[in-house]
Structure formats: C-alpha cells, structure tokens
Amino acid sequence: MVMQDLNGKTALVTGASSGLGLHFAEVLAHHGASVVLAARQINAIDEAAQRIISTGGKAEALPLDVTDSVSLDHAFAAMGSRLDIVVNNAGISLPSSAIDMSEADFSRVIDTNLTGVFSVAQRAARAMRAGAKGGSIINVASILGFRVAGHVAAYAASKAAVVQLTKALALEWARYGIRVNALCPGYIETPINRDFFTTDQGRALINRIPQRRLGTPADLDAPLLLLCSDASSYMTGSSLVVDGGHLVSSL
Ligand code: NAD
C-alpha cells in the first residue's frame, strides 16, 4: 500500500481555525487520525472539532497562540507524549512595501512564521523523544521561500528561513526517528484571497502560473498525506513544492 491510513496516529494542526489549517485538520481526520485543532479562536476550532466528530472523526480543540510561550507550554502539557504528526501551519503575511513596513509588523511576521514554527517543532520533538516512537513534522512554507514578489519581504524571508530550519531540524532529529519536511504551496484559493483573484492584478498573477490556474486546498491533500504518513519514511529535510509550475515560470 503506498498511502497508509493514519488510524492510531495523533496529529496537531496549528492555525486550524480557518483556511488551509482547517482543511488539513479535516483531511487528516478523514484519513483516521485523531486530530488536535489548535488556534487562538477557540469558538472556531470548537465548532470545527464538533463537525469532524459528527461525521465520525476524532477531534479536539486546543487553545494555542504560537507566539506565546505560556500558551505553548499549556498546550503541550495538555497533549503529553501522544503526538505523532505536527502540521506547523499557523502563519500571517501583513503585506506592505518594505520601505514603509514598521519594525513591529516585520517582527510579528517573523515571530509567527519562523519563531512560532520553531517553538512548536521543538516542543513537539521533545514530546516525541519522550514517547520514543518518532514522528513527522510538516512545516508549511511557501514558494515565496524560494522566489520573491512585491510587498511581502518579511513573509518571503520568514518562509525561506522555514525551508532552511526544516533541513537543520531534520539533520538533528533523525536520530530520534523524527522526520521534518516542508510543504511549499503556490497560490491556493481560500476564503481570504478569493476576492483578490477576481481583480485585474489577481487575474494577471494567475496568467503567470504555467498551469494557468490557482491551486485548490484539495491539491495539497496527497502531498500532505505523503509527508504525514509512513509512505514518506525515507524523506526528511525535503521541501515539497505544490504550485502548478509557478516556481519554474519563465523569466
Ligand atoms: P489563513 O489566514 O486562513 O490561516 C492562517 C491561520 O493561522 C489562521 O487560522 C490564523 O488564526 C492562524 N494564526 C495566525 N497567527 C497565529 C498564532 N499566533 N497562533 C496560532 N494561530 C495563528 O491563511 P492560509 O492561507 O490558510 O495559510 C495557512 C498557511 O499556509 C500559512 O502558513 C501560509 O503562509 C501558508 N500558505 C498559504 C498559501 C495560500 O495561497 N493560501 C500559499 C502558501 C503558503
């Protein structure tokens, strides 16, 4: 069997209150994982967990702010050593021209997208090492970790750092049976960016994607399941790009 099911595995998804994180949580639950939906908006993740349970899945909601060490400590204390899979998805972008961006906003992006990913991964790795059964950590980066666009300097820098952090953690944690890989989506249509892609600027962007379409959250399902499951047992430190060819668009 190429794609193993996730029955018996516990998966933490950060930023699971909306967008891709919510979708990832639903996909993992659908494939048998017991899913911990973590985010700051407890009502949203409570409702999502109830929806998953009502369709036969296993889910729970966990309050978590990935930039707050007290919140992180509480969340990981609550989970103990049962974690097998972590999807480090929480992220923000705060678009701004680099010349006008405030240092405070630059720091917020780095704190959430880079330090938050490290803080979650480190606590997860400690729990996985304590449980002595290894695990899989998936850091959600972006094609902006490899190329640049206007008005996203902090975001692009944070995602490039996540790609490099992924390799460094993979190197150090292979000895504990912990695999660390990055999932690097191109432009995926979600409720928060849908309106932009109906504008002239948005349509021009779609025309620069070799496949001439946006990705859908479902386009990430098989790559996500690959990285989460034992089907990728010999993959660690890799960055899996899912972008309709955007990174190889002609210069
Ligand atoms: P989104 O804004 O819908 O989701 C981001 C989630 O992260 C939200 O649930 C938000 O509440 C949560 N979050 C933000 N700060 C947090 C914090 N401090 N603690 C806990 N949770 C926090 O956006 P999305 O498009 O679903 O993005 C999800 C991830 O995918 C991000 O890392 C983003 O950079 C990445 N990504 C998205 C796309 C895309 O086209 N949508 C492309 C490439 C990468």
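This section describes the fold, the pockets and four residues of a predicted model.

The protein contains seven helices and seven strands. Read along the sequence, these elements follow the pattern β-α-β-α-β-α-β-α-β-α-β-α-α-β. Strands and helices thus take turns over most of the chain, and a pair of successive helices precedes the final strand. The C-alpha atoms fill a box of roughly 50 × 40 × 35 Å along the principal axes. The radius of gyration is 17 Å. A compact globule of 251 residues would have a value near 18 Å, so the protein agrees with that expectation.

Burial and contacts were computed for the whole protein. Of its 251 residues, 49% count as buried. Among contacts with a separation of 6 or more, 71% join residues 24 or more positions apart. The exposed surface comes to about 12,000 Å². Carbon and sulfur atoms supply 54% of that area.

The largest pocket has a volume of about 1,600 Å³. Its lining comprises 49 residues, and the closest to the pocket centre are Gly91, Ile92, Ser93, Tyr155 and Ile192. Several elements each give two or more residues to this lining. The helices in that group are helix 1 (19-30), helix 4 (103-131), helix 5 (153-173) and helix 6 (200-207). Strand 2 (34-39) belongs to the group as well. By class, the lining of the largest pocket has 24 nonpolar, 19 polar and six charged residues.

The second largest pocket holds about 240 Å³ of space. Ile143, Leu144, Arg147, Val148 and Ala149 are among the residues that line it. Tyr187, Leu205 and Arg208 also take part in the lining of the second largest pocket. His246, Leu247, Ser249 and Ser250 complete the list. Seven of these lining residues are nonpolar, three are polar and two are charged.

Two residues around the start of helix 1 were examined individually. Ser17 sits in the loop between strand 1 (10-14) and helix 1. Its relative accessible area is 18%, so Ser17 counts as buried; the cut-off for burial is under 20%. Beyond its neighbours within four places in sequence, Ser17 is in contact with Leu22, Ala39, Gln41, Ala44 and Ile45.

Leu22 lies in helix 1. At 16% relative accessibility, Leu22 is also buried. With neighbours within four places in sequence left aside, its contacts are Gly15, Ala16, Ser17, Leu37, Ala48 and Arg51. The contact between Leu22 and Ser17 therefore links a residue of helix 1 to one in the loop before it. Met128 lies 106 residues from Leu22 along the chain, and the two C-alpha atoms are separated by 24 Å.

Positive phi values were found in two residues other than glycine. Phi of Leu94 is near 45°. Leu94 is placed in the loop between strand 4 (85-88) and helix 4. Its relative accessibility is 24%, so Leu94 counts as partly exposed. Phi of His151 is near 70°. His151 occupies the loop between strand 5 (135-140) and helix 5.

Conventions:
Residues are numbered from 1 along each chain as its sequence is written. This is a predicted model: local features need pLDDT of at least 70, side-chain atom pairs count only at pLDDT 80 or more; totals for chains, interfaces and linings use all residues. Side-chain values use heavy atoms; hydrogens and water are left out. On a 1 Å grid over the protein atoms alone, a cavity is a set of points where a 1.4 Å probe fits but cannot get out, and a pocket is an open set with protein on both sides within 12 Å along at least five of seven lines; lining residues have an atom within 4 Å of a point. Grid points are joined across faces, edges and corners, and a volume is the space filled by probe spheres set on the points. Helices (H or I, at least four residues) and strands (E, at least two) are DSSP runs, numbered from the N terminus. Ala, Val, Leu, Ile, Met, Phe, Trp, Tyr, Cys and Pro count as nonpolar, Asp, Glu, Lys and Arg as charged, and the others, Gly among them, as polar. The radius of gyration is taken over C-alpha atoms; the globule rule is 2.2 Å times the number of residues to the power 0.38. Buried means under 20% relative accessible area, exposed over 50%, partly exposed in between (1.4 Å probe, protein chains only). Contact means heavy atoms within 4.5 Å. Accessible areas come from the Shrake-Rupley method with a 1.4 Å probe; for residues, only the protein chains shown count as cover.
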